[in-house]
Amino acid sequence: MAKIEAGYTDYLEETNKMLGRDGLLLASADAQGNPNAMTIGWGIVGIIWGKAIFIVLVRPSRYTYDLIEITDDFTVNVPTPELADEVLYFGTVSGRDQDKFKAKGLTATPGKKVKSPIVEECAIHYECRVVHKNDVIPDELAEEIHNSAYRQGDFHRIYFGEILAVYADADAKKRLAQLSMYMS
């Protein structure tokens with residue numbers, strides 16, 4: 001499907017709605033270019049250092065963590081409600097164990113400005129280059145978050161990705177109108 005360029009805020013409302021509902025797909029690739037993606041339910045877009053930034057959190061135990069460390073980039077892909085089963089699957093199976101794209105029949109398309117692929121079937125894509133990363137500091141974390149999100153001690157690395165490109169399906173407005181009805 002043809003993709004159109006967009007500004008980083010053009011689909012922010014829809015991105016946030018899916019982030020809070022089913023999640024988004026964070027894609028990366030290994031040194032040989034083999035794709036992987038995982039489901040994320042936490043993230044934020046904003047301006048830092050005068051740059052549009054997409055912040056994502058990845059636990060060191062996740063395969064995606066290793067891949068982002070290799071490529072120093074990632075893509076964030078906004079699925080449509082029709083991809084809910086795939087999003088659930090990508091969040092429960094490790095890319096260390098199998099090719100999730102092949103298993104679910106999704107397409108990893110090369111990024112335009114990063115090494116990591118996009119998930120072609122998703123409606124919106126953010127290509128990001130890591131400009132900073134740091135780890136959650138357990139002693140600085142509010143106790144209720146520490147107790148609810150980190151009971152097993154697997155603290156996230158926080159990646160600050162400069163948004164280099166944003167694009168969407170040519171019919172994204174129509175598909176996203178359906179998304180808005182889905183979210184109501």
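Is Cys128 buried or exposed? Cys128 is buried, at a relative accessible area of 0%, where buried means under 20% relative accessible area, exposed over 50% and partly exposed in between (1.4 Å probe, protein chains only).

## Model and conventions

This is a predicted model, in which local features need pLDDT of at least 70, side-chain atom pairs count only at pLDDT 80 or more, and totals for chains, interfaces and linings use all residues. Residues are numbered from 1 along each chain as its sequence is written, and side-chain values use heavy atoms, with hydrogens and water left out.

## Overall form

The chain contains six helices and 10 strands. Helices (H or I, at least four residues) and strands (E, at least two) are DSSP runs numbered from the N terminus. The C-alpha trace spans about 45 × 35 × 30 Å along its principal axes. For 184 residues a compact globule would have a radius of gyration near 16 Å, and the 16 Å of the chain agrees with this. The radius is taken over C-alpha atoms, and the globule rule is 2.2 Å times the number of residues to the power 0.38.

Of the 184 residues, 49% are buried. The accessible surface comes to about 9100 Å², and carbon and sulfur atoms account for 50% of that surface; areas come from the Shrake-Rupley method with a 1.4 Å probe, and for residues only the protein chains shown count as cover. Among contacts between residues at least 6 apart in sequence, 73% join residues at least 24 apart, a contact being heavy atoms within 4.5 Å.

## Strand pairing

Two strands pair if DSSP finds at least two bridges between them. Strand E2 (24–29) is antiparallel to strand E3 (35–40), and six bridges join the two. Ala29 of E2 has Pro35 as its bridge partner in E3. Five residues lie between the strands in this hairpin, where Gly33 takes a positive phi near 90 degrees. E2 also pairs with E6 in the antiparallel sense, over three bridges, and the partner of Leu26 in E6 is Val76.

Strand E6 (residues 73–78) in turn runs antiparallel to strand E9 (residues 124–135), with six bridges between them. Asp73 is bridged to Arg129 of E9. E9 is further joined by 11 bridges to strand E10 (residues 157–169), again antiparallel. In that pairing, His132 has Phe160 of E10 as its partner.

## Burial in E2 and around Val56

Six of the six residues of E2 are buried. Leu24, Leu26 and Ser28 point one way from the strand, Leu25, Ala27 and Ala29 point the other way, and all are buried.

Val56 lies in strand E5 and counts as buried at 0% relative accessibility. Leaving aside neighbours within four places in sequence, Val56 is in contact with Leu26, Ile40, Trp42, Phe74, Val76, Arg157, Ile158 and Tyr159. Asp135 is 79 residues from Val56 along the chain, and the C-alpha atoms of the two are separated by 12 Å.

## Helices H1 and H2

In helix H1 (residues 12–21), the buried residues are Leu12, Glu14, Thr15, Met18 and Leu19. They cover an arc of only 160 degrees around the axis, which puts them on the same side of H1; the arc is that of the directions from the helix axis to the C-beta atoms. Glu13 and Gly20, on the other side of H1, are exposed. Gly23, just after H1, has a positive phi of about 105 degrees.

Helix H2 (residues 63–71) buries Thr64, Tyr65, Leu67, Ile68 and Thr71. Seen down the axis of H2, these residues fall within an arc of 165 degrees, so they line one face of the helix. An α-helix has 3.6 residues a turn, so residues three or four places apart point the same way. The buried residues of H2 pack against E2, E3, strand E5 (51–58), E6, E9 and E10. Asp72, just after H2, takes a positive phi of about 60 degrees.

## Cysteines

The structure holds zero disulfides, a disulfide being a pair of cysteine sulfur atoms within 2.5 Å. The closest cysteine sulfur to that of Cys122 is in Cys128, 14 Å away and too far for a bond. Cys122 is buried, with a relative accessible area of 0%.
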